[in-house]
Amino acid sequence: HEVLVAGCQETMYKIDVDKGVITSTVCVLSMFNDFLTDLQLKADAPYTLMKRGGQYICAGTADGYVHFLDLINYKVARTWKAHSALINDMDARSDVLVTCGWSSRPQHGYMLDHLANVFDLKTMMPLPPVPFPQALPFKDASQAPSMRHANVFDTHITSLDIAPSGDALVLADAQCAMHLWGSPNKIQFTEYGSPTEFADQPAPTPQMDWSADM
C-alpha cells in the first residue's frame with residue numbers, strides 16, 4: 001500500500017496510496033554520502049528512473065549511474081556506471097537489470113548507445129551487453145520476423161510513421177533527414193492532398209537603438 005516517489009530533486013517520498021498522504025521523506029544526499037570520496041559522485045544526483053529488481057530498488061541518476069538501494073533503509077548498497085551520459089530507460093526482471101541510454105562520443109556529442117547494458121543483481125556484477133545494430137525489426141503476425149538495415153550514419157532515428165495503407169514507411173533522424181521506405185510499384189500518394197499546416201510565424205523582434213546608457 002506504499003509507493004516510493006523520486007524525481008529531479010534531492011528528496012524521495014514514501015506515500016501511502018490508501019490514505020493519500022506522505023508517510024516519510026528520504027534525503028537522497030545522505031543515502032550515498034559514503035560514496036562521494038571514492039566515486040566522486042555529484043552531491044545532487046536526482047533519480048529519474050526507478051525499478052524494483054531482486055533485493056534492491058534500482059535508481060537511475062541523471063548522469064548515467066544506477067544506485068542499488070536497500071529495501072529496508074534505502075541506503076545505497078552499490079553504484080554502477082551504466083552509461084557515460086543519460087540513462088534513457090531501464091527494466092528489471094528477476095535478478096537482471098537492463099539499461100539503455102546515451103554516451104559521449106568524440107566530435108559527435110551525445111549519441112544513443114547501440115548496446116543495452118546488463119547487470120546481475122545476484123552477483124552484483126555487470127554481464128556482457130546486448131548489441132542492437134542500426135536495424136529495424138519487422139513482425140508479421142502470420143510470418144517469421146525479418147530485419148531491415150536503416151541507412152543512418154553518425155546519427156540515430158528519432159521517430160517513424162507508417163502510411164494508413166501499410167505500403168510506405170518514413171523514418172526521421174536526428175539530422176532532420178526523412179527516409180522513405182516502400183516498394184516503388186505500391187507506394188501511392190493522393191493527387192489532391194490537403195495543405196500542410198504550419199505554425200504561425202513569430203512576430204519579428206523590433207529594432208532597438210543601442211546607446212551607452214542602454
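**Exercise 1. State how many helices and strands the chain has, and what share of its residues counts as buried.**

Solution. In this predicted model, the chain has two helices and 17 strands. Turning to burial, 29% of the 214 residues of the chain count as buried. The accessible surface of the chain comes to about 14900 Å², and carbon and sulfur atoms hold 55% of it. As for contacts with a separation of 6 or more, 27% of them join residues that are 24 or more positions apart.

**Exercise 2. Find the salt bridges of the structure, and decide for each partner whether it is buried, partly exposed or exposed.**

Solution. Step one is the count, which comes to two salt bridges.

Step two takes the pair of arginine 93 and aspartate 91, whose side chains meet at 3.0 Å, N to O. Arginine 93 has a relative accessible area of 58% and is therefore exposed, since the cut-off for that class is over 50%. Aspartate 91, with a relative accessible area of 32%, is partly exposed.

Step three takes the pair of lysine 122 and aspartate 95, where the distance is 3.9 Å, N to O; this value still qualifies because the limit for a salt bridge is within 4 Å. This pair links distant parts of the chain, with lysine 122 in the loop between β11 (115-120) and β12 (125-131) and aspartate 95 in the loop between β8 (87-93) and β9 (96-105), 27 residues apart. Lysine 122 counts as exposed at 64% relative accessibility, whereas aspartate 95 is partly exposed at 24%.

**Exercise 3. Describe the aromatic pairs that involve phenylalanine 68, and say where in the chain the partners lie.**

Solution. A pair of aromatic rings is described by the distance of the centres and the angle of the planes. The count for the model is three aromatic pairs.

One of them joins tyrosine 56 and phenylalanine 68 at 6.3 Å centre to centre, and the angle of 70° between the planes makes the pair edge-to-face, because angles over 60 degrees fall in that class. Tyrosine 56 is in strand β5 (residues 56-61) and phenylalanine 68 is in strand β6 (residues 65-70), 12 residues apart. Tyrosine 56 counts as buried at 18% relative accessibility, because the cut-off is under 20%, and phenylalanine 68 is buried at 0%.

Another pair joins phenylalanine 68 and phenylalanine 119, which are stacked, with 4.7 Å centre to centre and 20° between the planes. Phenylalanine 68 belongs to strand β6 and phenylalanine 119 to strand β11, so this pair ties together parts that are 51 residues apart in sequence. Phenylalanine 119 is likewise buried, with 0% relative accessibility. Ring pairs link Tyr56, Phe68, Trp80 and Phe119 into a cluster.

**Exercise 4. Identify the residues with the most contacts inside the largest nonpolar core, and name the strand that gives the most to this core.**

Solution. The largest nonpolar core has 13 residues, and those with the most contacts inside it are Cys58, Val66, Phe68, Trp80, Leu97, Phe119 and Leu121. Strands β5, β6 and β8 each supply at least two residues of this core, and β8 gives the most, with three residues.

To follow one member further, leucine 121 touches, leaving aside residues up to four places away in sequence, a set of residues including Tyr56, Cys58, Phe68, Asp95 and Leu97. A second, separate core of 10 residues includes Met12, Val26, Ala59 and Val76.

Technical notes:
Residues are numbered from 1 along each chain as its sequence is written. This is a predicted model: local features need pLDDT of at least 70, side-chain atom pairs count only at pLDDT 80 or more; totals for chains, interfaces and linings use all residues. Side-chain values use heavy atoms; hydrogens and water are left out. Buried means under 20% relative accessible area, exposed over 50%, partly exposed in between (1.4 Å probe, protein chains only). Helices (H or I, at least four residues) and strands (E, at least two) are DSSP runs, numbered from the N terminus. Rings of Phe, Tyr and Trp (its six-membered ring) pair if their centres lie within 6.5 Å; planes under 30 degrees apart count as stacked, over 60 as edge-to-face and the rest as tilted. Contact means heavy atoms within 4.5 Å. Accessible areas come from the Shrake-Rupley method with a 1.4 Å probe; for residues, only the protein chains shown count as cover. A nonpolar core is a set of buried Ala, Val, Leu, Ile, Met, Phe, Trp, Tyr and Cys residues joined through side-chain atoms within 4.5 Å.
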